[in-house]
Amino acid sequence: MAIKDYVRERFFPHIWCAGCGHGIVLNGLIRAIEKLRLNKNDIVMVSGIGCSSRITGYLDFHTMHTLHGRALAFATGIKLSRPELKVIVPMGDGDALAIGGNHFIHAARRNIDITAIVMNNQIYGMTGGQYSPLSGYGTIASTAPYSNIDQSFDVVELATAAGATFVARSTTYHVQEMAEMIQEAIVHKGFSVVEIMSPCPTYFGRRNRQGDAVDMLNYMSKITTPADSIAREDNPNLIERGIFIRKELPEYCSAYDTIIQRAKEGK
Amino acid sequence: MKDKVKFVQGNEACVEGALYAGLDFFAGYPITPSTEIAELLAFRLPIGGGKFIQMEDEIASMCAIIGASLTGRKVMTATSGPGFSLMQEALGYAIMAEIPCVIVNVQRGGPSTGIPTHVSQGDVNQTRWGTHGDHSIVALTASNNQDVFAMTVEAFNISETYRTPVVLLFDEVVGHMRERLVLPEEGDIPIVERLKTSVKQGVDYHPYLPREDGRLPMSDFGGVHRYNVTGLYHDMWGFPSDDPGVVHGLIRHLMDKIDNRTNQLVRFKDFYTEDAEFLLISYGSAARSARHIVERHRRRGEKYGLLEMQTLWPFPYDLVRQKAAGARYIVVVEMNSGQVCQSVRLAVDRPERVSLANRIDGVLISPTDIQRMLHVIEGKGV
């Protein structure tokens, strides 16, 4: 199938600003699903609130646009109810890790077979550029006009510590790599997290003097490096890209099936 | 017959009612005095192939049942005051997206952590207005185990019929009190199954286009119709819209589908109200004490009556006005500062007849308490 077979064309053009990375994530997501030849009726996509969360409306799957931060909680109900469905949850950084931080770590801990995609643009874009838990120390935002004194999370470390069994990071500059990671994350049986660094030229870029959309994309290639590369020995500040965790642990819905079995047998 | 008679807590009667109604998905978080509901369902649900999950908080619990309901399950969560406060945002989502679900609130004293192991009926108005924005809600209550069972079944039936969340507003005394429960046979109480769409694959399905009778046939997530569900104002396809006509049409639909059916949704019990000069109005555990008083006075030939409310929302204004028409005194017996009393005053003619007999200290209002207050109301002193 072609890309257009996966989108709801009547809702285009999309709402994202010119230069926003989220459209590239949308493209990567569709490429991944297309490669896997998944049936559209088998895919449920659940999102929360924010720029990133509008992605669900553009896609021709079963789509649910929920509450700020709560997408993973809704998705958990859907997945546990119908484990045969592929459940994908695209979230923004504020959505996933500030208001939704608790749901994020607990979904990871349960190892429920959901694919979480964190579209990290380091800012609350929908509300006009307030600092997020991933903005970083020293950045400027509308609610940090002098300088942001909040330290940021490392999504990969957080997801790993919380128990996610697949953890990866890429950027919207690295489109092929990103699509491949999403593909592997969807295939992985268990809770998978893919952080995708996605530029917000309108708010983050402008306030932090990162140039225009193209400059910001190029910047992402400069500040990242493949995991375990030699480049990091020279510059330890480089952010690693790649698949960091891929392991097998009992998946929640499968484990619950054994509970049903035990309950029926009375033990 | 023997195994159909049980000696159980109200919380267990609720579990029995829910399973009888077809509950097959529960998400919850431990909180006194509702916890037994979660514990019992963790044990009972998987036996029948249903699903139970303990979520990380009440917000997540409410969200999880909404998600599961969309896939075709009959769902429920159970909580008490603080947890009910946390559920309010997602409760509004279920109202907006018209997702059937049942929320049990076994009331304890508030505000805040309040008095967790003691009784209160302080969440009546929160149930009506807790989530933001204009909306309507259905809330049922009960005073004994048999009615807890019946109202729980009713809650599922109403929820499925009107695609709306229904709140079961029990209280600590009803939830924890042990008494007899007779389990009805299968088929004794009608069960409403979800109305599924008859639209075939490949034909345009409009998830939010009501039928002539106002009902919305559903298609399960994972089925042949792919559509969008959102908490935003939305059109008949489920896609966001800020068109004033769409917004107005939807908010009217959401309120009218409940408010215009108040008469169909009203459940109550009636004890000697016909000729009552002294009309007590009560609900939940408080209604047991009120009934005791009424029976005592009737034995002496005094014209006391009780209207036991089982539907609290939508408020049965017509019923209350009608029952109160001939009464000299109307006394609302409840364990809060007059939340139902307030609505009763709005409902009746000559509201100066309405008095409140209440306790707000975590102690069940007793027949003696009510009797003393009645003396004061009549001007006879304590």
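The C-alpha centres of domain 1 of chain B and domain 2 of chain B lie 26 Å apart. Domain 1 of chain B covers 2-182 and domain 2 covers 268-377; such bounds come from an automatic or database domain assignment.

This is a predicted model, in which local features need pLDDT of at least 70 and side-chain atom pairs count only at pLDDT 80 or more, while totals for chains, interfaces and linings use all residues. Residues are numbered from 1 along each chain as its sequence is written, and chains are lettered from A and ligands numbered from 1 in the order in which they are written.

**Where the domains touch**

How many residues does the contact take from domain 1 and domain 2 of chain B? Domain 1 of chain B gives 26 residues and domain 2 of chain B gives 19. Two residues are in contact if their C-beta atoms, placed from the backbone, lie within 7 Å.

On the domain 1 side, several elements of chain B each supply at least two residues, among them strand E7 (138-140), helix H6 (145-162) and strand E8 (165-171). Helices (H or I, at least four residues) and strands (E, at least two) are DSSP runs, numbered from the N terminus. Helix H5 of chain B gives the most to this side, with four residues. By class, the domain 1 side has 13 nonpolar, 10 polar and three charged residues. Here Ala, Val, Leu, Ile, Met, Phe, Trp, Tyr, Cys and Pro count as nonpolar, Asp, Glu, Lys and Arg as charged, and the others, Gly among them, as polar.

**Unusual backbone spots**

Most residues other than glycine have a negative phi, and most peptide bonds are trans. Four places in this model are listed below.

| Place | Feature | Loop |
|---|---|---|
| B:Thr32 to B:Pro33 | cis, omega near 0° | B:Pro33: between strand E2 (25-28) and helix H2 (35-44) of chain B |
| B:Gly110 to B:Pro111 | cis, omega about 5° | B:Pro111: between strand E5 (101-109) and strand E6 (115-119) of chain B |
| A:Arg37 | positive phi, about 50° | between helix H1 (22-36) and strand E1 (43-47) of chain A |
| B:Tyr272 | positive phi, about 55° | between strand E11 (268-271) and strand E12 (278-282) of chain B |

Are A:Arg37 and B:Tyr272 buried or exposed? A residue is buried if 20 or more other C-beta atoms lie within 10 Å of its own, exposed if 12 or fewer, and partly exposed in between, with C-beta atoms placed from the backbone. A:Arg37 counts as exposed because it has 7 C-beta neighbours inside 10 Å. B:Tyr272 has 18 other C-beta atoms within 10 Å, so it is partly exposed.
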